[in-house]
Amino acid sequence: MPHTARRHAAGTRRLSEHDPERWEPAFGKDHAQTKNPTLNYRHAFHAGNFADVFKHVLLARVLMHLRAKEAAFRVIDTHAGAGRYDLSASEAARTGEWRHGIGRLLASPPDRETLELLKPYLDCVRTERGANEPGFYPGSPAIALALSRPQDRLIFCELQPDDRQTLATTVDDRRVKVLESDGWAVLKAQLPPPERRGLVFIDPPFEEPGEFQRFEQGLVDAIRRWATGIFMFWHPVKDAHETEAFSRRIARLGIPKILRVELAVRPVRADALNACAILTVNPPWTLEAELARLMPYLARVLGDDNAGRYRIDWLAR
Ligand SMILES: C[S@@+](CC[C@H](N)C(=O)[O-])C[C@H]1O[C@@H](n2cnc3c(N)ncnc32)[C@H](O)[C@@H]1O
């Protein structure tokens, strides 16, 4: 039984049926319509929501671990987005999702030890926020850049032209390359990196079918190229059975050390983003204990009406 640290903040819920690959855009008509369905997604509508807070807290913890050694590391962000987001702009204001994410977090001080773990992330958030609320919110590239050092290198891939343009301006730094590349192809093209230590952060929009399969296929090859790299994969949870089937397939790939953490802020539904998970391959040895401290707080603060749930378990040891 590989699940050694399975936890739920409160009782389990059975979650509704649906095909997680058929993920309807939450704000379809507001998205820029392009011929490529992948590029209909604009993260500006969702920046700072509960899923962003969750993934960015973890991202910051992994980066802090990488910083603990002097040797340079590389970050490859396969689906980078625009880098930072204006929460007062019409997209974020229209959905108001950030109010239930970073808005709640900033209004809910944690205990001292949890705060210590959150601090690198919160420092990035406060820097972007500035003096004028709600200010800006940092995307994964801004967080990765803020937490990297002069010797580190970062690669950000973004296909959506406007977001890529904004990203290039946001992360204009000699350590950074912004690529107009398919993030999945970069898994092959950029691995292994010369530094031999680092993180691949995989955060697709799930706007079209096949993202789960692309991860499964990409991971096997990526691990063959870079067995010691840290890989983080964010995915929505819209059907508990489908999520378990996906997780079982990942567990059977023969790749060791895969830690899963899942957060639900409302009961899972097919037609809404109420829960999501992050798989971390080769997690820092510190991550599981850090999650054990962070997740009860995140589930309590980000959950609606005491509905916050989480679990932490190993898909493979
Ligand atoms: C969920 S958003 C990324 C958010 C970002 N990782 C963050 O945490 O701030 C997904 C992004 O991937 C971009 N995208 C979609 N398909 C892509 C692909 N095949 N390769 C690279 N980027 C892609 C979308 O335009 C979108 O900006």
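This report walks through the sheet, the helix packing, the ligand shell and some unusual backbone spots of one predicted model.

Residues are numbered from 1 along each chain, in the order its sequence is written. Because the model is predicted, local features need pLDDT of at least 70 and side-chain atom pairs count only at pLDDT 80 or more, while totals for chains, interfaces and linings use all residues.

**The sheet**

Helices (H or I, at least four residues) and strands (E, at least two) are DSSP runs, numbered from the N terminus. Strands of a sheet pair through backbone hydrogen bonds, either parallel or antiparallel. Here two strands count as paired if DSSP finds at least two bridges between them.

An open sheet is built from 8 strands, and its pairing is mixed. The order is β5-β4-β1-β6-β7-β9-β8-β10. Which strands stand at the edges? They are β5 (176-179) and β10 (309-316). Each has a single partner strand, so one side of each has no neighbour in the sheet. From one strand to the next, the twist averages 15°.

Strands β1 (residues 74-77) and β6 (residues 198-202) run parallel and are joined by 4 bridges. R74 has G198 as its bridge partner in β6. Helix α9 (residues 240-251) packs on the sheet. This helix touches β8 (258-264), β9 (275-281) and β10. The direction of α9 makes about 30° with that of β10.

**Helix α1 and its partners**

Two packed helices are described by the angle between their axes and the distance between the axes. Axes are lines fitted to C-alpha atoms, for helices over the stretch in contact; angles run from 0 to 180 degrees between N-to-C directions. Residues are in contact if their C-beta atoms, placed from the backbone, lie within 7 Å.

Helix α1 (residues 50-67) and helix α4 (residues 112-129) have axes that come within 9 Å and cross at roughly 110°. That makes α1 roughly perpendicular to α4, a label for angles of 65 to 115 degrees. The crossing is right-handed, meaning that the near helix is turned clockwise from the far one by less than a right angle. On the α1 side, the contact is made by H56, V57, A60, R61 and M64. On the α4 side, L117, L118, P120, Y121 and C124 take part.

Helix α10 (residues 287-302) also packs with α1, at an angle of about 160° and with the axes 11 Å apart. That makes the two roughly antiparallel, the label for angles over 145 degrees. This crossing is right-handed too. Among the contact residues are F50, V53 and F54 of α1 and L287, E290 and L294 of α10.

**The ligand shell**

A residue is near a molecule if its C-beta atom, placed from the backbone, lies within 6 Å of it. There are 21 residues around the ligand. Which come nearest? They are H79, G81, G139, S140 and G183.

The table sorts residues by class. Ala, Val, Leu, Ile, Met, Phe, Trp, Tyr, Cys and Pro count as nonpolar, Asp, Glu, Lys and Arg as charged, and the others, Gly among them, as polar.

| Group | Nonpolar | Polar | Charged |
|---|---|---|---|
| Ligand shell | 8 residues | 8 residues | 5 residues |
| α1 with α4 | 8 residues | 1 residue | 1 residue |
| α1 with α10 | 9 residues | no residues | 2 residues |

**Backbone spots**

The peptide bond from E133 to P134 is cis, with omega near -5°. P134 sits in the loop between α4 and β3 (136-138). The bond from L191 to P192 is also cis, again with omega near -5°. P192 lies in the loop between α7 (183-189) and β6. K257 is not a glycine, yet has a positive phi of about 60°. Its place is in the loop between α9 and β8.

Conventions: Parallel < 35°, antiparallel > 145°, perpendicular 65-115°, else oblique. Contact = placed C-beta atoms within 7 Å.
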